[in-house]
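Thanks, everyone. I have a few minutes on one chain, so please look at the sequence and the model on the screen.

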Amino acid sequence: MLKVAFASNDRSTVNQHFGAAEGFAVYSLDGERARLVEIVEFPPAAREDNEGRLPARVASLAGCAAVYCLAAGASAVKQLLAVGVQPIRLDDEAAIDVLLQQLSRAICSGGTAWVDKAIRRQAGDSTRFDRMLDEGWDE
């Protein structure tokens, strides 16, 4: 199961900038079904504190493979990547249910780099040792 967050103020549309998001809708999905597992909301005071708001937002996404948003600053992107969360920037607002359908297809079919990487990370890349064995041992 992958956990994915969506920056949203209405829980149905990705319509927020990461750093100024009122909250995140967090879903768990496996290719067959998606389930809302958490709503993260930030009080107005937390949205106004420019200095301290990014660490709280990044920490709230622990365990997520990605976060969809309309924009994210360089500092936010760096912090997200450091904890293993792939930021996905959309050009326009998008319905979360449509994005979940796309993600389900990507999980089943492969071919989306960040999804494939997240699945490998989650599985522990069980083929790593097989590849090392195939490379052989040179003395």
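I will go through a hairpin, a helix residue that touches it, the aromatic pairs, and then the cysteines.

A word on the source before anything else: this is a predicted model.

Start with the hairpin. Strand β3, residues 23–29, and strand β4, residues 34–41, run antiparallel and are joined by 7 bridges. At the turn end, L29 has A34 in β4 as its bridge partner. The hairpin has 4 residues between the two strands. One of the turn residues, G31, has a positive phi of about 100°.

Now, what touches L29 and G31? Leaving out residues up to four places away in sequence, S104 has contacts to both L29 and G31. S104 belongs to helix α4, residues 96–109. Is S104 buried or exposed? Its relative accessibility is 14%, and because buried means under 20%, S104 counts as buried. So on this part of the model, a buried serine from helix α4 is in contact with L29, the residue bridged to A34, and with the glycine of positive phi in the turn, as the S104 contacts show.

Next, the aromatics. How many aromatic pairs does the structure hold? There are 5. Take Y68 and W114: their ring centres are 6.4 Å apart and their planes meet at 70°, so this pair is edge-to-face. The two residues come from distant parts of the chain, with 46 residues separating them: Y68 sits in strand β5, residues 66–69, and W114 in helix α5, residues 113–123. Both partners are buried, Y68 at a relative accessible area of 8% and W114 at 14%. Ring pairs also bring in F6 and Y27, giving a cluster of F6, Y27, Y68 and W114. Y27 falls within the residue range of β3, so the hairpin has a residue in that cluster by the strand assignment.

A separate item on rings concerns F42. R57 lies over the face of F42, at 4.2 Å from the ring centre.

Last, the cysteines. How many disulfides are there? The count is 0, taking a sulfur pair within 2.5 Å as the rule. Two cysteines are worth pointing to on the screen. C69 is buried, at 0% relative accessibility, whereas C108 is exposed, with a relative accessible area of 57%. C69 falls within the range of strand β5, residues 66–69, and C108 within that of helix α4, residues 96–109.

That is what I had; questions are welcome.

Methods
Residues numbered from 1 in each chain as written. Predicted model: local features only at pLDDT ≥ 70, side-chain atom pairs only at ≥ 80, totals over all residues. Heavy atoms only, no water. Pairing = 2+ DSSP bridges. Buried < 20%, exposed > 50% of the residue type's maximum accessible area, 1.4 Å probe, protein only. Phe/Tyr/Trp six-rings, centres within 6.5 Å; stacked < 30°, edge-to-face > 60°. Lys NZ or Arg CZ within 6 Å of the ring centre and 35° of its normal. Contact = heavy atoms within 4.5 Å.
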